[in-house]
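User: I have a model open and want to check the terms used for it. Please take me through the reasoning.

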Amino acid sequence: MKFDPFVLPFTVGLTFMISVLLYQYFRWYLLLSAKEKTIVRTNLFTKRTFFGFREIFSESLFHKKIFAKNRLLGYMHMSLAFGWFLLIIVGHLETSAYFGKAFEAPYVPIFLRFFQNEATHQTAQFGYWFVMDTILLFILSGVFLAWYKRKKAKKFGLGRATKHAIGDRIALTVLWFIFPLRLLAESITSILYGGGSYLTFGLGSLMEGTIANEHTFYFSWWAYSISLGLFFIFLPFSRYMHIPTEIGLIMLRNWGLKTEKNKMSCISQFELHSCSSCGICLDTCQLTTDLNSCYSQAPYLYKSVRNANLTDAKLNDCLMCGRCELSCVVGISNNNLRQSIRNKVSNKTESNLNYLNDIKLQPINKADVIYFAGCMSHLTPGIKRAMESIFKAASVNFSHLDQYESVCCGRPMMLAGMTKQALPLINKNKDLIAQSGAKILVTSCPICYKVFKEDYNLDIEVVHHTTYLQNLIDSGKLRLQKSEMKVVYHDPCELGRGSGIYEAPRQVIKRVASLKKTDYEKEQALCCGGSLANTILTSSERNILANAALKKMTNDKIHTVVTACPLCKKTFASAQKEIAIKDIAEIVEMNLIPMKVIRTKSKKVPSELLLNNNI
Amino acid sequence: MNHFGFTINKDNTIDYDNNDRSLANEVLSHEPSLYRCIQCGSCAGTCTAGSFTDYNFRKMHLLMRRGEIQHLRLAVEKCILCGKCQLICPRGVNTRNVIRQIRIALDKMN
Amino acid sequence: MKETEKHILIVGAGPAGIEAAEHLSDLGYQISIVEKDEAIGGKLNNWHQLFPDHRPAKEVLSHLVNKLPKNVKFYLNSTVTKTIKEENLFNVEINGKTKIQCDSILLTVGFDVFDARIKEEYGYGIYDNVVTSADLEHIFNQNNKILTTQGKIPKKIAFINCVGSRDEKVGNLYCSSVCCVTGVKQAIEAKQMAPDAEVFMFYMDIRMYGRFYEDLYLEAQEKYHVQFIRGRLSEVAELQDGSLLLKADDTLAGCPIKVHADLVVLLIGFVPAASCNSLSKMLNIECAKDGFFAPCDVHIDRNSTGTEGIYMAGACTGPKNLEASLADARSAALKIHYHLVHGKATNLINELS
Amino acid sequence: MILEGKKRVWNEYQKEIADDKYFYARSCIRQNFFPGAEKTFLQIMRNELGKEVYDDPKHTTCTGIAYHTDIIPLETIMTVVARQFSLMSESGYENYVPSCITSFGIYTEILELWEHNPELEEKARDFLYKSTKREFKKPKNLAHASDVIFKFRNEIAQKAKHRLVNCNTGEPLRVIEHIGCHYARMFPHKGVGGAEYPYVLAGLAESFGGEVVDYPERRTCCGFGFRQYLVQANRGYSVACSKRKFESMAPFNPDVIITNCPGCPYFLDRWQYVISEMEGKIYGQNGHGIPVLTFEELAGLMMGYNPWDIGLQMHQISIEPLLDKIGIEYNMHNKYCDAEGNFMGKPEIPELVKFY
């Protein structure tokens, strides 16, 4: 058995890392619910596992998504990840070829040059040496770029480098030392005892007589081993935990597991630890770009959750608009994770909404369509009036669920992390909806729409008013004229990214106005800044966000922005005066062609009766 | 002690100086926008919980600032965080965060 | 007589008087000013800083005084004792001796501050540490430090609104309009001088009606954490160490409140100047029920007094802030010039009707 | 405290008090609460000051208690008051001196009423004549008994054997004066020194060498308030008023409270016992409570009368500590003996308040 004391730090580090990783993964494994276990079991021996491995290759090693973002950044990650992977594989091949035995002590391939020096050199060695030197050079180029990125983040397509916690900074510097120390060690060995190819031998000859001697030889191997050992010890507690964890995450995701909104499940823990604080998401966050506030974004949140120094502001200073989820190369569902963390923090917060049981609202009269305006619409009555005239114009048998006093849909409370505390609200609204006996629930607020859709599990159809308008238009119930108004459409976060509704609003607007493009369409839409998920922003900061978003979305020819959310409308409108902010229902109402009232000899026959039977 | 068939009325004057206002200072330090409140009542007027119960957000945080926090927990539990108050506050007070900070301070207190 | 030799007598050398004098002398008139004190500038001499921007009062005072043309004749420490009108001329007796003749009289006698002792329950003149806003401006002017009579820096300072205004018990039903903004200004200044003091303001309404006044109010709340308690102060009691116990109803909390304070500042309002009713009798000018000179027409003509040739301007026609006083003085100057040039009893009302 | 400020206030509220020939109207309750009080007043006025005070047995209540519990109409009050005045004028007197503050308040109020609406005075005359065939003349001077004592405070001080001074330390005793609400509250100019700083008791205390202490709640009502203490449901509010005063005066550690209305001393005295029983809180020095005296009792003590003759043993808060401070001898044996010396019985001893 080949052994030398200098391998001890490496071995100790490696065993420590593996045991910590196993312990962590086992703890997370316990979090798997029975349902999740069956999902994994059923998908284990299917092509999903193959897709998983393929994704591990394309993402964990080649970092294809980072390449798509920025080639230099992609190359840096690829060189480090894939390079190190090759180094290990080729190192093992060389060792087994050199010693002719399949198994050697685990440290031998890493320190092969050291153990190799006394025997004669076969010719095959030169091939390996050449390949190994090339791989090392390949990795060293990545290390150099990593160092350069810290200084000039912009070259790498990053607005700013992430501010790392101390633990990360130590692990980072240790990582930067590993491969230069290996180069040093192999170069000294190659000049003193031969071996190595153009790189190591070249560098070694430069150091001949001066640096390269017995002491530096042994010292360099010790340094290399210690740097590896340290890195392994730090890995589970630093951002590099993402290296092993992302592999697990990719497999779990491919097997079909998803994160939830109010529970830190197994896959949530995997996502939490797969964030490498790379900082790519920071630039998409409007708090960074427009408010220069960069402390509460996803990487920082996960960092403080993992280091158990979470502050209230860091958890709650986030619009949860979902833009960062687009740019996350690891595909972490930041909103679900943040809301689950908020739920965990607010778990014990008592709330007492029993008064909801004994409140007396106006009786909900029966109707086919029930319209829920939502709390926000009480403060933007324009939308409610528009919807009323649209329902009448389309002669729809509708009634209001919250004409004068509304019970909140519950989502703002859930966004603050109080999901179970919001149940009384959900139950109360469900009774009211049941009382109406309606078959369709229309709401003009995307925030309510998302909670009705995802958390109420109603047995009737839930429709956002944009889709409903589209149906009305397509079914000819609404006759509209097209005005020359030049407008742009702002996708509300909860409607676009939150619920995936992009096309319906655009079709509706095209029927009543000329819709212009912005460079923030659909998923790329900007948040208006009024999000209730953020409880830390001051009102002036919200105005800055709103004005910045409006500026980016409009040019001097556009004087009207159409949105589909009362909160966005209120936020944009109260932040400035120049640009008119309209809800879709309002511009539709403006362009309604009133139905002809058909007169007969005896008395005026209301058009609703006639209309129904001739469509 | 013996009772003569009646109890002595409690003095309902707010004793500002001897009241413990540490909770109020804690909340104010985390949400300084509350300093701007001019007690106009717009928030309490639009409040859903307020229209169904005796809960009054304006009066609640005013009493808190005076150090009268006996009924604070009972009151703050009625808020459904719907955000209507924050939307219309003429002084831009971050009312939802005031509620959250009160809860955090109350939990920290006991 | 050529226009330029016409002689105008201005009663009161406060800001309004000086402003009118400057404009009238620019128009070429002979000006003489009667002033009961020996200093020119009226109340401006007592103020430390002015709202809404904390501008030193001295700056405005020296600006006004420097503007004064040299040929203005001053009668300081003197008052008008008798006036007889002959057609368009006035024979005026000053201090009972010197007699002068003038073509027109402008009354700018200003106002007095309310004597806070009348509001006995606040203990002004009875408790050591109850001062008025006028006293506070004086304290600021003297040593720019804010101390209790026991010489300590106050830890709690309470400003009390509407002292002597909107109060039937002291006979003044009107609002003096400037005490709120003065109080907020002083609250900020007090907090600047005693940074870790707690500053309160007991108010019924905060009437920050002027331009940029509301910013002062917001700044007092946000930056200086001044606490505004809505409850008109009911009474003040002095404790053994000279500190004060304030009792009021916290109307927004719905129950009474008692607060300790080391210093209480009473924001005193305007009262008509002592000379107001003596002059009104002498020149038979009507006083409104609030004691200030009654305007001929509250919208169209606030400077005429109903007696031709006699005009009025500034705080003697009702509480107003400095800039309004100066504007009023300028309009009076123009009116006098109009009267002297056209020589007939023209005021706007006749033209209208 | 700026003394000149207070003095300036007092000068504005001077009051004219007759100097002799008083028609004395006794109080309904002063007799039962403090039996020796009115006797002491008469003794001082007649024997010490040599004044003529007519104590007419035929006079009735001034209807005060009924008035303040809202159970009789104004006409009845005016007629009874008119009858009192007719008794006065009938016996040849013109200076009316009521012994009770509430009466003083009623007489002042009725006189003011008559002055402003003479038709009511005619009505009163008519009612009086119909009911009793009596005529009446309005008093030339109306002053409360404490005003009269105030007027002669210096003569009494000269004759006094004791002073409100601590006999061991020589320091003036700290005196809290409590003015009955109906004295100057409704008609400030009818009270010596006005409503904010009434001087009638302060003057008395100062002339006897005491030091008057002004505490924040000095003008709060003692809690008597007729309907408050009469109805048990309201009694808690009545005690709360006194408690608020005691809480406010405690830091000033007063030696004695002097009053001029029969109700205030009774409740300030009794409620201290009730508060100690109900809440275990005792004010004043070392568990004794703060002794409460009426102005006549104080004057009597100063003149050196025997405390038991003045009836101080009937007080709830023991008077002995005060007597020791002033240096007045008293004999514990005949504390509870009547004039002939036989034992009347000892009251129950309170649980908390020290009682001898």
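Analyst: Note that this is a predicted model. Start with burial: of the 110 residues in chain B, 49% are buried.

User: What makes a residue in chain B count as buried?

Analyst: The cut-off is 20 or more other C-beta atoms within 10 Å of its own. In chain B, 49% of the residues meet it. The C-alpha atoms of chain B fill a box of roughly 55 × 30 × 25 Å along the principal axes.

User: What is the make-up of chain B in helices and strands?

Analyst: Chain B has 7 helices and 1 strand. Along the sequence the pattern reads β-α-α-α-α-α-α-α. Among contacts in chain B with a separation of 6 or more, 68% join residues 24 or more positions apart.

User: Why are chains A and C not listed as touching?

Analyst: A contact needs C-beta atoms within 7 Å. No contact joins chain A and chain C, and their closest C-alpha atoms lie 13 Å apart. Chain A and chain D have no contact either; there the closest C-alpha atoms lie 33 Å apart.

User: Which pair of chains shares the most contacts?

Analyst: Chains A and B do, of the 4 pairs of chains in contact. Chain A gives 27 residues and chain B gives 21. On the chain A side, α18 (375–378), α20 (411–415) and α25 (539–553) each give two or more residues. The most come from α18(A), with 3 residues. By class, the chain A side has 14 nonpolar, 9 polar and 4 charged residues.

User: And what about chains C and D: how many residues does each give to the contact?

Analyst: Chain C gives 10 and chain D gives 10. The chain C side has 4 nonpolar, 2 polar and 4 charged residues.

User: How is chain C divided into domains?

Analyst: Domain 1 takes 3–110 + 273–352, and domain 2 takes 116–269. Their C-alpha centres lie 33 Å apart. The two domains of chain C still touch, through 11 residues of domain 1 and 18 of domain 2. The domain 1 side holds 4 nonpolar, 5 polar and 2 charged residues.

User: How do you know that β5 and β7 of chain D are paired?

Analyst: Pairing needs at least two bridges. Strand β5 (174–178) and strand β7 (256–259) of chain D have 4 bridges, in the parallel sense. Therefore they count as paired. V175(D) stands opposite V256(D) in β7(D).

User: What makes β6 and β8 of chain D edge strands?

Analyst: β6 (211–212) and β8 (292–294) of chain D each pair on one side only. The open sheet runs β6-β5-β7-β8 in chain D, with parallel pairing. Helix α15 (295–303) of chain D packs on this sheet and touches β7 and β8. The direction of α15 makes about 90° with that of β8(D).

User: Why is a set of residues called a nonpolar core?

Analyst: Its members are buried residues of nonpolar types, joined through C-beta atoms within 7 Å. The largest such core has 221 residues. Those with the most contacts inside it are I160(C), V264(C) and L266(C).

User: What does V264(C) touch?

Analyst: Leaving out residues up to four places away in sequence, V264(C) touches N129(C), V130(C), A158(C), I160(C), V236(C), L244(C) and L246(C). Apart from the largest core lies another, of 101 residues. F41(D), M45(D), I176(D) and F208(D) are among its members.

Methods. Residues numbered from 1 in each chain as written. Chains lettered and ligands numbered in written order. Predicted model: local features only at pLDDT ≥ 70, side-chain atom pairs only at ≥ 80, totals over all residues. Domains from an automatic or database assignment. Nonpolar A, V, L, I, M, F, W, Y, C, P; charged D, E, K, R; others polar. Buried ≥ 20, exposed ≤ 12 C-beta atoms within 10 Å, placed from the backbone. Axes fitted to C-alpha atoms, helices over the stretch in contact; angles between N-to-C directions.
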